[in-house]
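Hello,

Here is the structure I promised to pass on. My notes follow below it.

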Amino acid sequence: MDLVVAHLSDFHVSRYGEHVTSLRGRRLRSKLGKPGGEWEELRAVGGWRIEQRPRRGWRRRAEPKGWDLRLLDEAGYVQDERTAPVGGETQARDALFRLVEERHRTEQSRLAASFPTASEVEKLLEADPHNTNLLFHRVARTVREDKPDWLVVTGDLTDDGVGYELVASWLAPFVERGRLLAIPGNHDVYDSPALVVPAHERKDRNEKRALWGAFAGSVGMPAIAPWVRDLGGGVTMCALDSCIPPLTPLSASGKVTVRALDTLEAQLRQAPANGCRLAMLHHHVVNAPLQSVNAAPWQLGMRLRNASTVFEWLRAHGFQACLNGHRHLGYRFHPAHAPLFVSAPSATLGCRSGAKPFYWRMDIKDGEITSVRERPIRA
């Protein structure tokens, strides 16, 4: 039996397609807009407001020297603010209005309501080329056209626990057939980073776990790993949750608990002993080929804290391959007498090597992996 598994990772979809890791602009650190202070509402669009007030010198009754403008979202938080000289307020106001339109066009629930055409999305990307919600359309369109048997996503589906509706909608052909498998990443289930996510949008790990559980249930997956899924043809997929937060603040490292490995070992007793065993988790077990297991100078705060233990466990239990995401780095590494380790880059943001976004296509025949190839995400 021939089987095709598509391995993707790190979509980082969000409410509007922005991502907290980019640290771009005031919009990610929005503050509550205080009323009063001569603020006048100029325009309201979908619950968002553009307000303006005069800028004056020490003589309060003098003619204004310019204008302050701000854009408030439906919760009353400032999404952007600008200053304009006298006579330039129209241009600044129009710029804010364009921002409102952009945010409303790329809001995840609005996009999830339909599957737009490629030309519609590519036109929007011309003005907002780093928008992950729009870039995810390329991902969904590519895998829909390629039609693999299974779609495997190794974490960070969202950037901060928002966007599951969009993922489920645009990957509906796989959801409907029960062919989507995913595990959470640190962005999906770790606390929102306080320094870049405004207070009214922050979620703690318990809230995020609840959101993940709701998503998993909606697409027919177990909410809590480890779990085992028979892919057919003697192929077994084993999911591990490596998103155990460290005590170190701001760290994105992970760990697979010994209890999880013991539970998975018990579940594997019900699976074929001579079949093809695949594992999936978010954090990388081995580094890129030039580095050794569990040590790389640039992975501070990123590593799997007990990678050596997991490596030996996978080898002892006869796994043919282990799939991961997390580092936005695509590579394959096959140590002697060990599984093949396949790390997927971000399917929307690309690879840290500079390569454009791609996913891995794994071909399996008669229980043996026959090829693992890069498949570009087509624009």
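How much space lies in the largest pocket? About 840 Å³. Bear in mind that this is a predicted model.

The pocket first. Its lining counts 33 residues, and the closest to the centre are Asn-186, His-187, Pro-193, Leu-250 and Ala-252. Two helices, α7 (186-189) and α8 (205-218), each supply at least two residues of that lining. By class, the lining of the largest pocket has 16 nonpolar, 10 polar and seven charged residues.

Next, the cavities. Searching the whole structure gives two of 30 Å³ or more. The second largest holds about 30 Å³ of space. Its lining has nine nonpolar residues, with no polar and no charged ones. Among them are Trp-212, Trp-227, Ile-183 and Ile-224. Pro-184 and Pro-222 also line this second largest cavity.

Then the sheet. It is open, with six strands in the order β8-β9-β10-β11-β13-β12, and the pairing is mixed. β8 (227-232) and β12 (331-333) are the edge strands, each pairing on one side only. From one strand to the next, the twist averages 20 degrees.

Within the sheet, β9 (residues 235-239) runs parallel to β10 (residues 276-280), and five bridges join the pair. Cys-238 sits opposite Ala-279 of β10. Helix α9 (residues 258-268) packs on the sheet and touches β8, β9 and β10. The direction of α9 makes about 40 degrees with that of β8.

Best regards

Conventions:
Residues numbered from 1 in each chain as written. Predicted model: local features only at pLDDT ≥ 70, side-chain atom pairs only at ≥ 80, totals over all residues. Heavy atoms only, no water. 1 Å grid on protein atoms, 1.4 Å probe; cavity = no way out; pocket = protein on both sides within 12 Å on 5 of 7 lines; lining within 4 Å. Points joined across faces, edges and corners; volume = space filled by probe spheres on them. Nonpolar A, V, L, I, M, F, W, Y, C, P; charged D, E, K, R; others polar. Helix = DSSP H or I, 4+ residues; strand = E, 2+ residues; numbered from the N terminus. Pairing = 2+ DSSP bridges. Axes fitted to C-alpha atoms, helices over the stretch in contact; angles between N-to-C directions. Contact = heavy atoms within 4.5 Å.
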